[in-house]
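Good morning, colleagues. Please keep the structure in view while I speak; I shall take the charged pairs, then the helix packing, and finally one of the pockets.

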Amino acid sequence: MTAAGRPRGGLSIGAVLSLLRTDFPDVTISKIRFLESEGLVRPARTASGYRQFTSADVDRLRYVLSAQRDRYLPLKVIKEQLDAADQGASKVVRAVDLSPAAGHRVTREDLLARAGIEPGVLADLEQHGLIRAGAGGFYDHEAVQIASTVRAMAEHGLEARHLRPFRVAADREVGLVEQAAVAAPRQRDRDEVVRELAALSVTLHTLLVKVGLRDGVGNPVSPR
């Protein structure tokens, strides 16, 4: 313990902030404290109440921030994934494990292998607008995640042609988010608005589906 009563072992919240800001320039001490209050990271405390973060805590924070920024996942979903990992669950979201890193692109063959789908399925996904190849015919990590998700949904009888409404709804949400972001005075502010509204959109969509299924549980509808 130093003269000021600060811990000698572990990383202070300020040190963690410095480590994270290289990849997440918008992160703040308040954000880290908020994630702690939500149970997404649990640093140890000294007798004086100072936080002591480990390297594992930093990795956990990186995962949370990356999932929010790159996958637009709500905190509840991220926490469920982390809790499952903490409990040693063998089945974790496959798309998270096998998709390439953000910014990295893969070939058509690599996407098929990572997602575990057949070429015909990918053709259907492209036909219905669920996946779009980028420049040079390469695919990004979101395409791998979409393909993996669709593969899992196919196990319940849903095919690409059934999922077209998801594409239409997503395009409408994108339009609303972009419209709201236009009013922001600076590009950094616009980027923040887009990230926040995207996460809120995912949360709202999840809740609406949950409520709809709950209220209509007695009247199941079979896919056509």
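Salt bridges number 14 in this structure, which is a predicted model. Allow me to single out one of them. Arg 62 pairs with Asp 23, and their closest N and O atoms lie 2.8 Å apart. This salt bridge links distant parts of the chain, since Arg 62 belongs to helix H3 and Asp 23 to the loop between helix H1 (13–20) and H2, 39 residues apart.

I turn now to helix packing. Two packed helices are described by the angle between their axes and the distance between the axes. For H2 and H3, the angle is about 100° and the axes are 12 Å apart. With an angle between 65 and 115 degrees counting as roughly perpendicular, H2 and H3 are therefore roughly perpendicular to each other. On the H2 side, the contact is made by Lys 31, Ile 32 and Leu 35, which meet Leu 61, Val 64, Leu 65 and Gln 68 of H3. By class, the residues of this contact between H2 and H3 are five nonpolar, one polar and one charged.

A second pair deserves a description. The axes of helix H6 (residues 108–115) and helix H7 (residues 119–127) cross at roughly 105° and come within 10 Å. H6 is therefore roughly perpendicular to H7. Here Arg 108, Leu 111 and Leu 112 of H6 meet Pro 119, Leu 122, Ala 123 and Glu 126 of H7. The contact of H6 with H7 comprises five nonpolar residues, two charged and no polar ones.

Finally, the pocket. The second largest pocket has a volume of about 750 Å³. It is lined by 25 residues, of which Lys 31, Gln 68, Arg 195, Glu 196 and Ala 199 are the closest to its centre. Lys 31 and Gln 68 also appear in the contact of H2 with H3.

Which helices supply at least two residues each of this lining? They are helix H2 (29–37), helix H3 (55–71), helix H4 (75–86) and helix H10 (187–215). The largest share, nine residues, comes from H10. As to character, the lining of the second largest pocket divides into twelve nonpolar, nine charged and four polar residues.

Key:
Residues numbered from 1 in each chain as written. Predicted model: local features only at pLDDT ≥ 70, side-chain atom pairs only at ≥ 80, totals over all residues. Heavy atoms only, no water. 1 Å grid on protein atoms, 1.4 Å probe; cavity = no way out; pocket = protein on both sides within 12 Å on 5 of 7 lines; lining within 4 Å. Points joined across faces, edges and corners; volume = space filled by probe spheres on them. Helix = DSSP H or I, 4+ residues; strand = E, 2+ residues; numbered from the N terminus. Nonpolar A, V, L, I, M, F, W, Y, C, P; charged D, E, K, R; others polar. Axes fitted to C-alpha atoms, helices over the stretch in contact; angles between N-to-C directions. Parallel < 35°, antiparallel > 145°, perpendicular 65-115°, else oblique. Contact = heavy atoms within 4.5 Å. Salt bridge = Lys/Arg side-chain N within 4 Å of Asp/Glu carboxyl O.
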